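Visitor: I would like a close look at the salt bridges of this model and at the parts of the chain around them. Please take me through them in one connected account.

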Amino acid sequence: MSESERDVPVAGGVTILVCATCRDETGSDAHPRAGSLLAQDARRAASNDAISVRTVECLGNCKRRLSAALLRDGCWSYVFGDLAPDSGADLVAGARLFSTSTDGLIPWRGRPDSLKRGLVARIPPLAFTKDVP
């Protein structure tokens with residue numbers, strides 16, 4: 001699968017969004033940024049999967065350093081922080097679990113430790129929200 005094909009979300013599949021502007025724990029402005037290295041690592045780990053890896057400029061989670069999100073249509077979205085440049089395989093493992101989930105959630109069991117410790121937020125799809133009078 002070419003790099004441009006991986007940047008197209010897979011219908012019904014999982015998309016990993018990686019903050020490409022995230023810095024490492026030192027706060028260095030060195031390029032490539034640690035977030036870009038994480039995206040490259042995730043792309044390598046997902047090379048044989050129907051998982052899209054895309055980058056964004058900022059996830060607004062700077063206090064938790066390297067950040068990424070897992071998205072799937074009609075399901076909860078997840079934001080993770082405190083990742084490392086070599087956490088790509090963990091993100092892909094989480095995406096695989098997410099892709100087979102029948103309830104729209106990433107199962108806790110089998111989730112890599114970095115995705116257990118690094119959970120920042122779980123955001124419901126709009127269809128799950130309720131108006132409160």
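Guide: A salt bridge here is a side-chain nitrogen of Lys or Arg within 4 Å of a carboxyl oxygen of Asp or Glu. The model under discussion is a predicted one. By that criterion the structure holds five salt bridges, and Arg 23, Asp 29 and Arg 33 are linked by such bridges into a network.

Within this network, Asp 29 pairs with Arg 23, and their closest N and O atoms are 2.6 Å apart. Asp 29 has a relative accessible area of 47% and is therefore partly exposed. Arg 23 also counts as partly exposed, because its relative accessibility is 32%, and the partly exposed class lies between the limits of 20% and 50%.

The numbering of the network leads on to a backbone feature. The peptide bond from His 31 to Pro 32 is cis, its omega being near 0 degrees. Pro 32 belongs to the loop between β1 (14–19) and α2.

A second salt bridge joins the side chains of Asp 49 and Arg 96, with an N to O distance of 2.7 Å. This pair links distant parts of the chain: Asp 49 is in the loop between α2 (34–45) and β2 (51–56), whereas Arg 96 is in helix α3 (residues 88–99), and the two are 47 residues apart. Arg 96 is partly exposed, as its relative accessible area is 39%.

Arg 96 also takes part in the packing of two helices. α2 and α3 pack at an angle of about 50 degrees, and their axes are 7 Å apart. The two helices are therefore oblique to each other, and the crossing of α2 and α3 is right-handed. On the α2 side, the contact is made by Leu 38, Asp 41, Ala 42 and Ala 45; on the α3 side, by Gly 88, Ala 89, Leu 91, Val 92 and Arg 96. Sorted by class, the contact of α2 with α3 has six nonpolar residues, one polar residue and two charged residues. Arg 96 thus appears both in the salt bridge with Asp 49 and among the α3 residues of the helix contact.

A further salt bridge is formed by Asp 82 and Arg 64, whose closest N and O atoms are 2.5 Å apart. Asp 82 lies in the loop between β4 (77–80) and α3, and Arg 64 in the loop between β2 and β3 (68–72), so this bridge ties together parts that are 18 residues apart in sequence. Both partners count as partly exposed: Asp 82 has a relative accessibility of 45%, and Arg 64 has one of 23%.

The backbone at these two loops deserves attention as well. Phi of Asp 82 is near 60 degrees, a positive value in a residue other than glycine. Arg 65 likewise is a residue other than glycine with a positive phi, here near 55 degrees. Arg 65 is placed in the loop between β2 and β3, and at 33% relative accessibility this residue counts as partly exposed. Asp 82 therefore combines a positive phi with a side chain that forms a salt bridge with Arg 64, at a relative accessibility of 45% that counts as partly exposed.

Note on methods. Residues are numbered from 1 along each chain as its sequence is written. This is a predicted model: local features need pLDDT of at least 70, side-chain atom pairs count only at pLDDT 80 or more; totals for chains, interfaces and linings use all residues. Side-chain values use heavy atoms; hydrogens and water are left out. Buried means under 20% relative accessible area, exposed over 50%, partly exposed in between (1.4 Å probe, protein chains only). Helices (H or I, at least four residues) and strands (E, at least two) are DSSP runs, numbered from the N terminus. Axes are lines fitted to C-alpha atoms, for helices over the stretch in contact, and angles run from 0 to 180 degrees between N-to-C directions. Angles under 35 degrees count as roughly parallel, over 145 as roughly antiparallel, 65 to 115 as roughly perpendicular and the rest as oblique. A crossing is left-handed if the near helix is turned anticlockwise from the far one by less than a right angle, and right-handed if clockwise. Contact means heavy atoms within 4.5 Å. Ala, Val, Leu, Ile, Met, Phe, Trp, Tyr, Cys and Pro count as nonpolar, Asp, Glu, Lys and Arg as charged, and the others, Gly among them, as polar.
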